[in-house]
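Trainee: Got a minute to go through this one with me? I'd like to start with the contact between the chains.
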Amino acid sequence: MATMDFFTAMEVSASGLAAERTRMNVAASNLANAQTTQAAGGGPYKRKDVVLQSVDVPGAAGTQFAQAVRGVAVSQISQDAAPPRLEYDPGHPQANAQGYVAYPNVNPVEEMVDMITASRAYEAGITTMSTAVNMAERALGIGK
Amino acid sequence: MSTSIAPLAPIAPIGTIEQGGKVDGKDLAESFSKALADARGLEDRASEAAQSFASGDPSMGIHEVVIAAEKANIAVRYATTLKNKAVEAYRELMNTQV
């Protein structure tokens, strides 16, 4: 709908909001599993991270700058390959022969930083969206 | 003595009134009904979004629902603005003093 080109900005911001929401979910998962010694597939939980990718905006197809104006999407959720944290705890059911337990490679400080990043990026997306809506409203008010 | 009365000349037409209002084959009614149709489509999408959010669709977040509603709001206001402008122009013409 070319008559509603402000919607393109709204769709781009919306894709960013969805990506930041996923980043938030991943940070929540990492924090919740910071002590998980038994994950699916064996071994301790491994820290997850989002990989972002620029994508076409559905509303911008056919417009002049369809190739330049891009939305964002999470292309995959990757696993951190860093080695697990080993702690000596021979009484633990998951302890190895030497008495060490492998704990997730999750650093809570890093996760807090990720969370703040997601929160600020989400706010920025909302601000972009509000500005686009304001511009559309101002345009509708021409001549009043 | 008599003077003959000359017949009155017929009134010459001043001009012709043509049916107008169309520019490039599009009139205001057409763009208004298109705007209304767009608004209706966006309203439908907004209510679909609200419905799937309420029924627990994990891909439907809060912001998707709010954005869909906001888009519908803008589209309705666009259609209303077009209507208001048309009515305003019509009233202006109807107020012409003769």
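Mentor: We can take the interface and then a single arginine, bearing in mind that this is a predicted model.

Trainee: How many residues does each chain put into the contact?
Mentor: Chain A gives 18 residues and chain B gives 16 residues. The area buried between them is about 1,600 Å², with 67% of that from carbon and sulfur atoms.

Trainee: Which residues of chain B lose the most area to chain A?
Mentor: His63(B), Lys71(B) and Ile74(B), which together make up 37% of what the chain B side buries.

Trainee: And how many salt bridges does the rule find across the interface?
Mentor: Three. One of them pairs Arg21(A) with Glu64(B), where the closest N and O atoms are 3.0 Å apart. There are also five residue pairs in polar contact across the interface, counting pairs with both residues at pLDDT 80 or more.

Trainee: Which helix of chain B gives the most to that side?
Mentor: α2(B), with eleven residues. By type, the chain B side that touches chain A has seven charged, five nonpolar and four polar residues.

Trainee: Changing topic: where is Arg23(A) placed?
Mentor: In helix α1 of chain A, which covers residues 6–32.

Trainee: Is Arg23(A) buried or exposed, and why?
Mentor: Arg23(A) counts as buried because its relative accessible area is 18%, and the cut-off for buried is under 20%.

Trainee: What does its side chain make a polar contact with?
Mentor: The side chain of Glu20(A), at 2.9 Å. Setting aside neighbours within four places in sequence, Arg23(A) is in contact with Val50(A), Leu52(A), Asp114(A) and Ala118(A).

How values were computed: Residues numbered from 1 in each chain as written. Chains lettered and ligands numbered in written order. Predicted model: local features only at pLDDT ≥ 70, side-chain atom pairs only at ≥ 80, totals over all residues. Heavy atoms only, no water. Contact = heavy atoms within 4.5 Å. Buried area = accessible area lost by both parts, 1.4 Å probe. Salt bridge = Lys/Arg side-chain N within 4 Å of Asp/Glu carboxyl O. Polar contact = N/O pair within 3.5 Å; in protein donor to acceptor, adjacent residues only side chain to side chain. Helix = DSSP H or I, 4+ residues; strand = E, 2+ residues; numbered from the N terminus. Nonpolar A, V, L, I, M, F, W, Y, C, P; charged D, E, K, R; others polar. Buried < 20%, exposed > 50% of the residue type's maximum accessible area, 1.4 Å probe, protein only.
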